[in-house]
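Subject: Handing over the structure

Hi,

Here is the structure I promised to pass on to you. Please open it alongside this email.

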Amino acid sequence: LQAGHYILRVNGEDRYVHAPHDEPLLWVLRDRLRLTGAKFGCGEGVCGACSVLIDGRAQRTCRLPISRLRPGQEVVTIEGLGQPGNLSPVQRAFAEHTAFGCGYCTPGQIIAATALLQRNPAPTREQIVAAMDRQLCRCAAYPNILAAVESLADSNDAGESE
Amino acid sequence: MSPTRRSVLIGLGGTLAYALHVGCAPRDGEQTTEPLPTTGTLDDPRGRPNVDLDVRDWLVVSADGSVTAYTSRTELGQGLTTVMHDIVGQALELPRERVHVVLGDTDVCPHHGPTTGSGATKYVGWAFWIACHQMRRDLVLLAAESTGWSPASLTYSEGQIVDSQDPSRVLGIGELADGRVRRLDVDPVTDPRLFPAYVDRETMNVNAEAIVTGTQMYAGDYLPEGCVYGAYLSPEHHPSLARLRFVNYPEARNAPGVVRVKQIDRGIVALAESYPAVRQAIAKLNARWHAPERPVAFDPEAEIRAGAELARVVEDFGDVDAALQDGERVLRETYVTQYMSQVPLETDTAVASVEDGRLTLRLGNQNPFWVRHKVARQQGIPAADVHVISPPAGGAFGSKADHVIGEETVDMMQLTDRPVKFVYSRDDDIRRRGRYKEAVVFDIATALDDDGLILARSIDIYQDEGHGTRYTYRTPNARTRLFETDLPVKHGTMRGTSFVQSIFGMESHTDMLALAAGIDPLEFRRRNVLLPAFDPLLDACGEMLDYGNYEPPANQGIGFGVCNHGGTQLGVVGAEVRVDRQSGEVTVVRLAGAFDFGLVINRRLATNGVKSSMIWGIGAALLEEVDVDGHGCHTTGFSNYRIARMSDTPPIEVAYFDNHNPGHPRGCGEMPLPPTVAAIANAVHDAIGVRFHEIPLTPERVRAALANP
């Protein structure tokens with residue numbers, strides 16, 4: 001397949017990349033833009049470790065060809081939500097609840113929780129479980145992930161860094 | 001980021017290094033299976049070790065008054081970085097920012113053995129605790145020496161040496177950092193009550209910010225300049241049976257981004273400019289395989305029994321055969337378990353490069369010194385010429401105790417002078433590694449007396465190591481034998497060796513014994529448990545589930561499982577389940593666990609590990625099964641290997657006791673799993689009256705059992 005020139009909107013900046021049309025967004029982000037927060041976990045769109053926000057929705061990127069992104073679509077990765085010392089509310093809740101074991105799936109978990117809370121700031125427990133159920137965590141930190149998301153369910157500030 | 005020892009040496013001026021020689025006998029005098037190094041020489045301070053086992057700096061005091069701790073044990077998600085930080089920080093009364101921890105780097109860390117068996121805190125953490133206290137005393141002596149103050153009135157406090165007679169006399173430990181190396185022989189039994197003084201004061205992991213911002217670096221996040229991605233063609237069949245019939249090299253070589261495709265000793269390798277490109281190259285090989293000569297049909301139980309040979313008699317006392325023959329109430333059963341895979345979210349990943357003229361390998365691994373040894377041997381070079389660094393692993397659970405990916409990646413370097421990254425596909429991580437948790441056949445026969453006491457017990461375990469079964473219940477006559485079978489399916493460790501399987505059989509059988517004796521299952525266990533330390537656990541577990549007043553709705557029930565791991569970790573898990581008779585689906589409604597693994601060092605992290613292990617129990621009982629037949633394995637990823645999700649996770653309550661070995665820390669990440677499996681199976685029996693002799697209890701299996709009672 002041919003390679004092509006792309007301008008991607010990532011974490012609020014326009015980024016130029018030259019990549020094969022069928023290269024999954026995950027590898028564009030990780031290797032070409034050096035945003036390694038999104039992880040490779042399965043390569044089949046099942047585990048959710050590669051999730052990023054695309055126009056505010058949590059999307060898996062390990063099988064999403066870069067050519068499928070429409071011009072102007074906003075990509076936000078875990079790095080775009082907050083940084084050390086400037087955590088987003090969801091990131092802070094995950095840190096404070098130790099909502100992880102090894103942390104490998106955590107960027108994807110936080111992306112999914114952020115998308116949920118942006119569209120529904122006060123989800124019920126059932127809604128949280130439904131929204132988070134496709135984010136696999138082999139360390140099985142599920143009780144703390146649930147507690148972290150529930151702790152934010154009443155506040156209305158689940159967006160980007162304060 | 002934690003400084004390397006080199007940067008400490010270069011960047012911060014003087015240091016004071018402590019090379020410690022610590023015996024590793026736990027305080028109750030029991031021999032451990034993982035001794036810390038007891039011999040060796042202090043290596044060159046530039047960090048160029050020349051022996052595999054050497055005594056090196058454990059603790060380094062820097063001129064800025066910070067302390068760095070070094071150990072070969074690695075961070076796998078169990079929280080070792082945090083535990084090490086807090087043990088050293090608390091023992092030396094230093095805040096977190098004055099403590100650094102360097103893990104898993106063969107150039108700078110002393111070899112403290114592999115990170116296995118839930119042992120890092122209980123052995124290494126404890127040794128550091130003792131070492132830090134020894135170091136405090138030595139720092140006082142050094143301060144007296146360098147200042148001329150009388151040591152009698154000097155004490156160590158919060159990183160300073162202070163004089164109780166003269167408040168003007170204060171010396172920061174950083175001022176003692178003058179490049180010296182102190183060698184201490186630390187007595188591991190100096191003060192048996194020191195460790196319990198440790199209290200978990202912190203509420204967040206040291207690396208929490210890095211994890212939640214995606215900035216914690218795992219092996220795959222390293223991308224050296226000019227790095228190529230590599231991959232091997234993996235066989236379609238069990239590796240020992242696989243024979244290649246056809247590959248299309250031109251197609252693979254012409255694929256975009258491909259650098260090389262070539263056969264080397266280890267197999268066919270592709271190198272390409274990106275991960276997607278290298279995977280495409282492997283696919284374009286269009287490999288075809290000869291069908292193995294062995295039949296495709298595979299009945300695990302029959303396969304395992306066929307050709308099994310007696311490997312070991314674990315215990316044999318009394319007259320088992322006579323008791324089983326004469327006994328009136330004798331129950332004989334067989335239980336069979338499934339193959340499982342560890343599937344950590346981070347697949348096995350290694351990055352090999354040449355740095356400062358030396359082969360450097362980064363991989364999240366449980367045993368970096370072992371990888372170094374194997375890679376050096378394979379390349380025919382001294383171990384000192386190989387530098388292995390284990391960044392935090394994205395989960396391991398036994399799957400990263402191996403050295404194979406290190407060798408595979410270094411072999412790829414034959415084909416290029418560029419750095420190489422090898423990221424296992426999910427399929428590789430299941431089938432190429434192939435170190436499954438093995439299927440086990442468990443034959444058990446028990447004779448009961450009139451009071452519901454166990455008169456005799458015979459256990460024959462095929463393929464298992466039999467851990468955990470002989471420590472749970474009392475009996476005057478017992479025999480346990482282990483049989484081994486040579487199968488094409490290779491097995492490895494998974495969250496413990498293989499006692500999951502035995503405990504499922506043992507505890508299912510125990511419920512059947514209780515039923516036969518007409519005694520409540522919890523009461524039956526109370527009467528027969530070997531150790532009195534089980535009693536409070538049985539009581540607590542029953543109370544957490546309000547078992548005494550339990551009136552189950554239809555198709556709902558409670559079951560219990562008991563486990564004694566290695567004679568030191570005791571646990572009782574209770575499960576309440578609901579069974580949907582139409583769909584066959586089993587739902588775990590809640591779990592309760594009461595555990596005695598000695599002193600709990602860090603309750604927050606221990607509880608994470610314990611609940612994680614219990615949730616794995618749900619997976620093992622209901623969901624996880626690697627699909628194996630005579631030709632190969634057909635499980636390739638999460639789309640056909642179901643692990644527990646958030647919706648499978650019920651409320652979980654845990655309680656800790658410290659009666660069995662008071663004050664002694666033990667591992668806690670492995671033991672809760674097996675009794676959870678058994679508790680779920682027993683709860684299913686309580687709910688629908690069906691005893692399952694195989695796991696997992698998939699909806700199909702449950703429906704079939706209900707249809708043909």
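Below is what was found in it, part by part.

First, some ground rules: this is a predicted model, in which local features need pLDDT of at least 70 and side-chain atom pairs count only at pLDDT 80 or more, while totals for chains, interfaces and linings use all residues. Residues are numbered from 1 along each chain as its sequence is written, chains are lettered from A and ligands numbered from 1 in the order in which they are written, and side-chain values use heavy atoms, with hydrogens and water left out.

Let's start with confidence. The average pLDDT (the predictor's confidence in each residue, from 0 to 100) is 94 for chain A, and 94% of the residues score at least 70. In residues 156–162 of chain A, however, the pLDDT is below 50, and this stretch has 24 contacts (heavy atoms within 4.5 Å) in the model beyond near neighbours in sequence. Where pLDDT is low, please don't read the predicted coordinates in detail.

Next, helix 5 of chain A, residues 125–132 (helices, H or I of at least four residues, and strands, E of at least two, are DSSP runs numbered from the N terminus). Its buried residues (under 20% relative accessible area; exposed is over 50%, partly exposed in between, with a 1.4 Å probe and protein chains only) are Ile128(A), Val129(A) and Met132(A). They lie on the same side of helix 5 of chain A because they cover an arc of only 95° around the axis, taken from the directions from the helix axis to the C-beta atoms. These buried residues pack against helix 4 (106–119) and helix 6 (142–152) of chain A. On the other side of helix 5, Glu126(A) and Ala130(A) are exposed.

In chain B, helix 2 is mostly covered, with 12 of its 12 residues buried. Among them are Leu80(B), His85(B) and Ala91(B). The cover includes strand 2 (57–62), helix 3 (120–147) and helix 15 (603–623) of chain B. After helix 2 of chain B comes Glu93(B), with a positive phi near 55°.

Finally, chain B has an open sheet of 5 strands in the order 14-22-21-20-15, with mixed pairing; strands pair if DSSP finds at least two bridges between them. Strand 14 (309–317) and strand 15 (329–336) of chain B each have a single partner strand, so one side of each is left without a neighbour in the sheet. Strand 21 (residues 454–462) and strand 22 (residues 477–484) of chain B run parallel, joined by 7 bridges. Tyr462(B) has Phe483(B) in strand 22 as its bridge partner.

Enjoy exploring!
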